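Let's take a friendly walk through how helices and strands pack together here. Please have the sequence and the 3D view at hand.

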Amino acid sequence: MTVEEIRSFNRFYTNLIGALDHGRHLHAPYTLTESRVLYELAHAPHTDAAGLRAELSLDSGYLSRILTRFEKDGLIERMPSPTDTRRRRITLTDSGRRTAGLLDERSSETIGSLLAPVPPDDRLRLVEAMREIRGILSAAPSRTPRAEDVLLREPGPGDLGWIVQRNAALYTAEFGWNTDYEGLVARIVADFAEDHDPHLERVWIAESDGRPVGCVMCVRDEAPGAARLRLLLVEPDARGLGIGDRLVGACVAFARGVGYRELVLWTNDILGSARRIYLRHGFVLLAEKPHRSFGADLVGQDWRLDLHGVRERQGALRG
């Protein structure tokens, strides 16, 4: 009975998303498999046929025919790998990137149309059900995230709550902080959720394999012309992939793009990895002061980045 139910669902869902006639569904000349290969090439631009076969579990002959068609259509270029002359690196041409972008846009529009008549509460239930299905059917533990698989996106339903929960859990596990820190994070997130200007304030979620693995916030500061970077976090199993650097980079680019004069932040000296990221992006340490917070003796630090590129002499003030 279980097998038949799953087969019935498979028939329903493949018909619903147009998997049997994907090209017509997206008004494109490419099949579902061909579109997926283009997607992989667009999101992992320095790959080869062996890597694609492993990622997509494709027959080598079938993949070779797809790549030959792409090359004939002017979508890809193949050249010797700089690290292994036995392999040929595959990259998208400008035409290939445009085609991949168009297919991705049409796919998003299709899913958007599919979700349009679904009430918001049911959308959340749908996404949670899909995550549960993926979790149950994944016999092996989740694979280690790869840098090329991580995307930065805006928060969806439940993500702001995730920021509070993960900050509280990780800082307790790693530094022994008490619930005072969870209360602080909850207030920061609640203030953003209840009253923020989407043109001047933003949250980024780093996602890998369908789950959040990091976050950062950019909000208005009390000082005129200043924005504040808050709540930078990367999950332990996703560290070392440059996610924190990408999150801070996104925050800096956004703040500069919307016209802020400076970006400031407050952190503690025990957060060495985060401080190294701030230094790489040009933040300058302005002041530091011992304090007792979150059940621990800490040294708080104020950092500043001049978004117009004015150099400052780094200094450390002890209070």
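## Where two helices meet

In this predicted model, Gly244, Asp245 and Val248 of α10 are in contact with Ile277, Tyr278 and Arg280 of α11. Sorted by class, this α10–α11 contact has 3 nonpolar, 1 polar and 2 charged residues.

How do the axes of these helices cross? Helix α10 spans residues 243–257 and helix α11 spans residues 272–280; their axes come within 10 Å and cross at roughly 50°. That angle is why α10 counts as oblique to α11. As for handedness, the crossing of α10 and α11 is right-handed.

## The sheet

Now let's turn to the strands. Seven of them, in the order β4-β5-β6-β7-β8-β10-β9, form an open sheet with mixed pairing. At its edges are β4 (151–153) and β9 (284–293), each of which pairs on one side only. From one strand to the next, the twist averages 25°.

One pairing to look at joins strand β5 (residues 202–208) to strand β6 (residues 211–220): the two run in the antiparallel sense over 7 bridges. Here Arg202 stands opposite Cys218 in β6.

## Helices on the sheet

Which strands does helix α9 touch? Helix α9 (residues 179–194) packs on the sheet against β5, β6 and β7 (226–234), and its direction makes about 125° with that of β7.

Helix α10, which we met above, also has a place here: α10 lies across β4, β5, β6, β7, β8 (262–268) and β10 (296–306). Relative to β7, α10 runs at about 165°.

Definitions and conventions: Residues are numbered from 1 along each chain as its sequence is written. This is a predicted model: local features need pLDDT of at least 70, side-chain atom pairs count only at pLDDT 80 or more; totals for chains, interfaces and linings use all residues. Side-chain values use heavy atoms; hydrogens and water are left out. Axes are lines fitted to C-alpha atoms, for helices over the stretch in contact, and angles run from 0 to 180 degrees between N-to-C directions. Helices (H or I, at least four residues) and strands (E, at least two) are DSSP runs, numbered from the N terminus. Angles under 35 degrees count as roughly parallel, over 145 as roughly antiparallel, 65 to 115 as roughly perpendicular and the rest as oblique. A crossing is left-handed if the near helix is turned anticlockwise from the far one by less than a right angle, and right-handed if clockwise. Contact means heavy atoms within 4.5 Å. Ala, Val, Leu, Ile, Met, Phe, Trp, Tyr, Cys and Pro count as nonpolar, Asp, Glu, Lys and Arg as charged, and the others, Gly among them, as polar. Two strands pair if DSSP finds at least two bridges between them.
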